[in-house]
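Me: I'd like to learn how to read a model like this one, feature by feature. Can you walk me through it?

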Amino acid sequence: MFKHRVFFVIAFAFALAFADVFMPTVDIARQASSAHAENSQVAVVRTGVYTYKGQGTVNTHWIETPGGGLVVIDVQRDLVHAREALAAVRAVGKPVRAILITHGHPDHYTGLGIFKQAFPDAVVYASAVTENTIRTDSYGYNAAEQKDAPEITPREFAVPGRILEGDVTLTIDGLVLIAREMGRAEANSVTAYYAPASRDLYVGDLVMNRVHAFMGEGATGEWLAALDRVDAMFPNARVVHPGHGDSGAKQQLLTDQREYLRTVRGFAAEEIARSGFTAAAKTATARRINERFRYINPTGNADIVALGVDGLFQEFSRPTLTPIP
Ligand SMILES: [Zn+2]
């Protein structure tokens with residue numbers, strides 16, 4: 001029951017995110033070449049991103065394929081931003097061959113129907129867990145969005161059509177992409193996609209660059225372990241493309257994300273030691289996190305940190321066999 005109540009709180013908070021908070025944003029579509037001239041081993045692969053500054057920011061990335069098309073990674077949080085992302089993708093002037101969904105949080109998949117309508121032949125990939133989360137609405141986010149922001153929410157959520165069966169290497173229009181399931185972390189599942197030709201790595205919300213982490217999943221320990229696996233699994237990755245915030249050098253972004261998670265876990269542990277699993281301890285933890293990290297809030301919630309602290313406290317109070325890193 002506790003779990004259900006917490007779920008409701010999270011769902012409600014997400015619902016609030018879509019109600020009224022999105023102020024006009026500055027749209028940015030960036031196009032970049034990921035190749036580096038000094039290394040002849042790295043192919044020239046052009047990548048781009050649609051994003052916007054400030055609260056609620058979330059990225060739609062794309063990669064140009066050798067065959068003259070595009071692969072798009074994640075497709076925005078609502079119909080308004082999805083249409084803007086689609087316009088940015090169309091401006092490249094190439095057809096979308098495939099869409100990759102990193103995880104089952106609605107800011108990454110709500111715009112899928114818009115993209116499918118524009119590019120009906122695009123194959124949409126996701127892990128089995130992510131596909132199931134979207135199709136069954138297991139978090140309740142889809143229903144919450146439809147209820148609270150119907151004007152910017154699809155009546156029916158499009159679902160990925162191709163499930164990644166374990167660890168697979170995709171060749172899409174001549175572009176090789178390695179998909180690796182990284183497990184539960186920021187969400188119940190996250191898939192990393194790696195383009196070995198250009199050494200670009202797309203990690204969804206395993207990395208949030210100077211953006212507050214959503215800890216509602218209650219799995220920061222598993223998240224830290226997933227970051228270690230990313231580090232070891234993709235030793236040659238050059239650029240990490242996060243779900244939120246700017247792309248950047250792999251080691252810097254992994255180091256920053258680890259520091260964030262270790263710090264917030266440390267704050268929570270100290271406050272729990274001081275005053276137990278209490279409201280006062282939660283409030284103090286959230287205050288310390290917000291003071292330590294002057295980061296962007298990736299949702300429309302008034303305080304995503306305070307919301308996440310609930311998940312963190314659940315994680316710390318739950319019987320578990322998972323070692324705490
Ligand atoms: Zn997420």
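Reply: Sure. Let's start with a pair of facing residues: E64 stands opposite L70 in strand 4. Keep in mind that this is a predicted model.

Me: Which strand pairs with strand 4, and in what sense?

Reply: Strand 3 does: strand 3 and strand 4 (residues 70–73) are paired antiparallel, over four bridges. The two strands make a hairpin, with five residues between them. Look at G68 in that turn, where phi is positive, about 95°.

Me: And what lies on the other flank? How many bridges join strand 2 to strand 3?

Reply: Four bridges join them, and strand 2 (residues 46–52) runs antiparallel to strand 3. One pair to find on screen is V49 with its bridge partner H61 in strand 3.

Me: How do I read the side chains of a strand?

Reply: The general idea is that side chains in a regular strand alternate between the two faces of the sheet. Here, T60, W62 and E64 point one way from strand 3, while H61 and I63 point the other way.

Me: Is strand 3 enclosed or open to the outside?

Reply: Strand 3 (residues 60–64) has five of its five residues buried, so it is largely enclosed by the rest of the structure. Both sets of side chains, those pointing one way and those pointing the other, are buried.

Me: Where does the chain go after strand 4? I see an odd phi value there.

Reply: You're probably looking at Q76, in the loop between strand 4 and helix 2. Its phi is near 85°, a positive value in a residue other than glycine.

Me: Is Q76 buried or exposed?

Reply: To judge that, count C-beta neighbours: 20 or more within 10 Å makes a residue buried. Q76 has 27 inside 10 Å, so it counts as buried.

Me: What about R210, which also has a positive phi?

Reply: R210 has phi near 55°, and it too is a residue other than glycine. You'll find R210 in the loop between strand 11 (200–202) and helix 7. R210 counts as partly exposed because it has 16 C-beta neighbours inside 10 Å.

Me: Now helices. How do I check the length of helix 2?

Reply: Compare the expected span with the distance between the end C-alpha atoms. The 14 residues of helix 2 (residues 79–92) should span 20 Å at 1.5 Å a residue, and the end C-alpha atoms are 20 Å apart, which agrees. The buried residues in helix 2 are H81, A82, E84, A85, L86, A88 and V89. Just after the helix comes G93, with a positive phi of about 85°.

Me: Does that check work for helix 7 as well, and which of its residues are buried?

Reply: Helix 7 (residues 220–233) has 14 residues that should span 20 Å at 1.5 Å a residue; its end C-alpha atoms are 19 Å apart, which agrees. The buried residues of helix 7 are T220, W223, A226, L227 and V230. They cover an arc of only 105° around the axis, which puts them on the same side of helix 7. On the other side of helix 7, D228 and A232 are exposed.

Me: What does the buried side of helix 7 pack against?

Reply: The buried residues of helix 7 pack against strand 10 (191–195), helix 8 and helix 10. Helix 10 (residues 304–317) has 14 residues and reaches 20 Å from its first C-alpha to its last, close to the 20 Å expected. Among its buried residues are I304, V305, L307 and F313.

Me: Which sheet does strand 10 belong to?

Reply: Strand 10 is in an open sheet of six strands with the order 8-9-10-11-12-13 and mixed pairing. The edges are strand 8 (168–172) and strand 13 (248–249), each paired on one side only. Strand 13 runs antiparallel to strand 12 (residues 239–241), and two bridges join them. There, V240 stands opposite G248.

Me: Last one: how do I find the middle of the nonpolar core?

Reply: Look for the members that touch the most others. In the largest nonpolar core, which has 75 residues, those are V71, V72, I99, F115, A192 and L206. Helix 8 (residues 250–275) gives this core its largest share, seven residues. Take L206: beyond its neighbours within four places in sequence, its contacts include M182, A192, A226, L227 and V230.

Technical notes:
Residues are numbered from 1 along each chain as its sequence is written. This is a predicted model: local features need pLDDT of at least 70, side-chain atom pairs count only at pLDDT 80 or more; totals for chains, interfaces and linings use all residues. A nonpolar core is a set of buried Ala, Val, Leu, Ile, Met, Phe, Trp, Tyr and Cys residues joined through C-beta atoms within 7 Å. A residue is buried if 20 or more other C-beta atoms lie within 10 Å of its own, exposed if 12 or fewer, and partly exposed in between; C-beta atoms are placed from the backbone. Two residues are in contact if their C-beta atoms, placed from the backbone, lie within 7 Å. Two strands pair if DSSP finds at least two bridges between them. The expected span of a helix is 1.5 Å times one less than its number of residues. The arc is that of the directions from the helix axis to the C-beta atoms.
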